[in-house]
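Subject: Structure for your review

Dear colleague,

Please find below the structure that I am handing over to you. My findings follow it, with each term explained where it is first used.

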Amino acid sequence: MERKLFTWKRLLLAGICMILVSACSSGGKKAEGQENSQAGNDDVVEIGILHSLSGTMAISEVSLRDVLLMGVEEINAAGGVLGKKVVPKVVDPASDWDLFAEKAKELLTKDKVSAVFGCWTSVSRKSVLPVFEEYNGLLFYPVQYEGQEQSANIIYTGATPNQQLLPAADFLMSKEGGNYKKFYLLGTDYIFPRTANTILKNYLLAKGVPAQNIIEEYTPFQHQDYQTIVSKIKRFAASGDACILSTINGDSNVPFYKEFANQGMSASACPILAFSVAEDELRAMDTEFLVGHLVSLNYFQSIKTPENFKFVENFKNYCKKNNLPGGDSRVTDDPICWAYTGLYLWKAAAEKAGSFDVEKVAAALSDMEFDSPAGLVKMHHDNHHLAKKAMIGEIRGDGQFDIIWETESLVSPEPFSEYAK
């Protein structure tokens, strides 16, 4: 009995040892896998790309994703950032402003990205702003906007009102621009057009334009029927001294310009000067009827510099190589330029700071200069906006622009306009 008990004890002990050895072995493999995973993570830095790939804003925002991915590829081919490979996390907020906030939160809290590049409309930016401030993220915003905002968590590479809106108004009132006396302010009904038109209206009034010579009107996103509005514009412009300042955004531009031409209106009768139409939008439009109309931006594909020629060529080649729609017939434009510039500013600031820490990167951006496709630009020393040239382009039949006017030097950004009240 005693011998049997001894044997049983030995078997039990052996079994326990085997279980322990197995557990230790399994635990060792798991730990090793975790270490390898962590080591892999140490070799990369993740960024977020937050642009609408579907919905009404896809006509504009898809290309921003494309140029950001091109920039990531270029940066990685040159050694990455601080020795780390840049890994983009692309999400689609689908032109849904609430979804922008949800996706931004996921990028910051779940994916732990070091920076986010995204948004187009001001309502999307306003939607994500509290998310970036709450979770201390860093957003690079590439589109011209209405100003009246400054956040420690947003880098604004697009234009402020004094870099786009006011130069456009001055140009149209000048002899060179046509000496226009009447202004029809037409926009999509959201934050940017509303605030932009407040600034424009007050500026025009301050310049002596009578109130009765300024009309303001708005349409919702995805609006398609512009017949009545164009009829009103036609009557307004019958005097021969009227122009349109357009803040229509997204795919509504297509039916607006089409209806304008359908009713026999042209640039010579009443020029449209737009703030949210560029080469990329013109790809989806019949440019035959757009010749002579104007756009106020800070970059055009037709800029004649070696740096810009290379940028345009690289983007076309990238789209062709990756079988993207349009291939090497794709174009560059203002937001594409500033999305690309924002990525390289982040890279330069992280390398200057020696860190991906939000506060350190933001501080390193102060007074930073960069040779962008639009030429030399400079970050303001404390307001997170970019100094750049203002330009007016005239639409050509091939969907490109002749640059007919530009400032001689960089225009310092003024996010808070005295005309916004």
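The side chain of Q144 reaches the backbone oxygen of F275 at 2.5 Å. A polar contact (a pair of N or O atoms within 3.5 Å; within protein, one must be able to donate a hydrogen and the other to accept it, and residues adjacent in sequence count only if both atoms are side-chain atoms) of 3.3 Å also joins the side chains of Q144 and S276. This is a predicted model, in which local features need pLDDT of at least 70 and side-chain atom pairs count only at pLDDT 80 or more, while totals for chains, interfaces and linings use all residues. Residues are numbered from 1 along each chain as its sequence is written, and side-chain values use heavy atoms, with hydrogens and water left out.

Q144 lies in the loop between β4 and β5; helices (H or I, at least four residues) and strands (E, at least two) are DSSP runs, numbered from the N terminus. Is Q144 buried or exposed? Q144 is buried, because its relative accessible area is 4%; buried means under 20%, exposed over 50% and partly exposed in between, with a 1.4 Å probe and protein chains only. Leaving aside residues up to four places away in sequence, Q144 is in contact (heavy atoms within 4.5 Å) with G158, A159, Q164, F192, F275, S276, L297 and D334.

The two strands beside this loop belong to an open sheet of 5 strands, in the order β2-β1-β3-β4-β5 with parallel pairing. Two strands pair if DSSP finds at least two bridges between them. At the edges are β2 (85-91) and β5 (154-156), each of which pairs on one side only. On average, neighbouring strands of the sheet are turned by 25° against each other, direction ignored. Strand β4 (residues 139-141) pairs with β5 in the parallel sense over 3 bridges, and L139 stands opposite I154 in β5.

Two helices should be noted alongside the sheet. Helix α3 (residues 97-109) lies across β1 (44-50), β2 and β3 (115-118), and runs at about 180° to β1. Helix α11 (residues 334-353) packs on the sheet and touches β1, β2, β3 and β4, its direction making about 165° with that of β3. Such axes are lines fitted to C-alpha atoms, for helices over the stretch in contact, and angles run from 0 to 180 degrees between N-to-C directions.

Helix α11 also packs with helix α2 (residues 58-77), at an angle of about 35° and with the axes 9 Å apart. Among the residues that meet there are L64, V67 and L68 in α2 and I336, A339 and L343 in α11.

Two residues deserve attention for their backbone. Most residues other than glycine have a negative phi. S95, in the loop between β2 and α3, has a positive phi near 60°. C119, in the loop between β3 and α4 (122-134), has a positive phi near 75°. S95 counts as buried because its relative accessibility is 13%, and C119 is buried because its relative accessible area is 0%.

For the chain as a whole, the secondary structure comes to 12 helices and 15 strands. Of its 421 residues, 54% count as buried. The C-alpha atoms fill a box of roughly 120 × 45 × 40 Å, taken along the principal axes.

Yours sincerely
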